[in-house]
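Ready for some practice at reading side-chain contacts? Take a look at the structure below, then work through the exercises at your own pace.

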Amino acid sequence: MSKNIFENDPKFQQIDPQKLQFLMNFANSHPAGNAKQMASAMMSAASTAKKDGMEFTPDETTLLIELLKQNMSPAEQKKTDQIVALMQSMQTKRS
């Protein structure tokens, strides 16, 4: 994923530089694939971020997911939305 996307999109201008670097590294190391691959990669990245003391807001997480979905087929985008909804449901139950 191009660094220009992160630099030019106003949504990214409010993100902490350390988080932005983490997101760029994640996006560059996980090119568009399918929904299962993305879910696995997101869980791994969340774990790594937590170990590094980083927490992402729901808006930051949504923004990253939307970026990753851009190069997916409509069917994979739909699967991704279903996985995200399931993950959010599970998170709500834990709270």
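Three short exercises on this predicted model follow, each with a worked solution.

**Exercise 1.** Which element of the chain has the lowest mean pLDDT, and which the highest?

*Solution.* Start with the whole chain: its mean pLDDT is 78, and 86% of its residues reach 70 or more. Now go through the elements: helix H1 (residues 3-8) has the lowest mean, 62, while helix H5 (residues 74-94) has the highest, 84. Keep in mind that predicted coordinates should not be read in detail where pLDDT is low.

**Exercise 2.** Classify the pair formed by the rings of Phe22 and Phe56: stacked, edge-to-face or tilted?

*Solution.* First check the distance: the ring centres are 5.6 Å apart, and the cut-off for a pair is 6.5 Å. Next take the angle: the planes meet at 35°, so the pair is tilted. Then place the residues: Phe22 lies in helix H2 and Phe56 in the loop between helices H3 and H4, so the pair ties together parts 34 residues apart in sequence. Finally, Phe22 is buried at 16% relative accessibility, whereas Phe56 is partly exposed at 23%.

**Exercise 3.** What does Lys19 contact through its side chain in a salt bridge, and over which ring does Lys19 lie?

*Solution.* Begin with the charge: Lys19 forms a salt bridge with Glu60, at 3.1 Å from N to O. This links helix H2, home of Lys19, to helix H4, home of Glu60, across 41 residues. Both partners count as buried, Lys19 at 14% relative accessibility and Glu60 at 10%. Last, look for a ring: Lys19 lies over the face of Phe56, 5.4 Å from the ring centre.

Key: Residues are numbered from 1 along each chain as its sequence is written. This is a predicted model: local features need pLDDT of at least 70, side-chain atom pairs count only at pLDDT 80 or more; totals for chains, interfaces and linings use all residues. Side-chain values use heavy atoms; hydrogens and water are left out. pLDDT is the predictor's confidence in each residue, from 0 to 100. Helices (H or I, at least four residues) and strands (E, at least two) are DSSP runs, numbered from the N terminus. Rings of Phe, Tyr and Trp (its six-membered ring) pair if their centres lie within 6.5 Å; planes under 30 degrees apart count as stacked, over 60 as edge-to-face and the rest as tilted. Buried means under 20% relative accessible area, exposed over 50%, partly exposed in between (1.4 Å probe, protein chains only). A charge sits over a ring if NZ of Lys or CZ of Arg is within 6 Å of the ring centre and within 35 degrees of the ring normal. A salt bridge is a side-chain nitrogen of Lys or Arg within 4 Å of a carboxyl oxygen of Asp or Glu.
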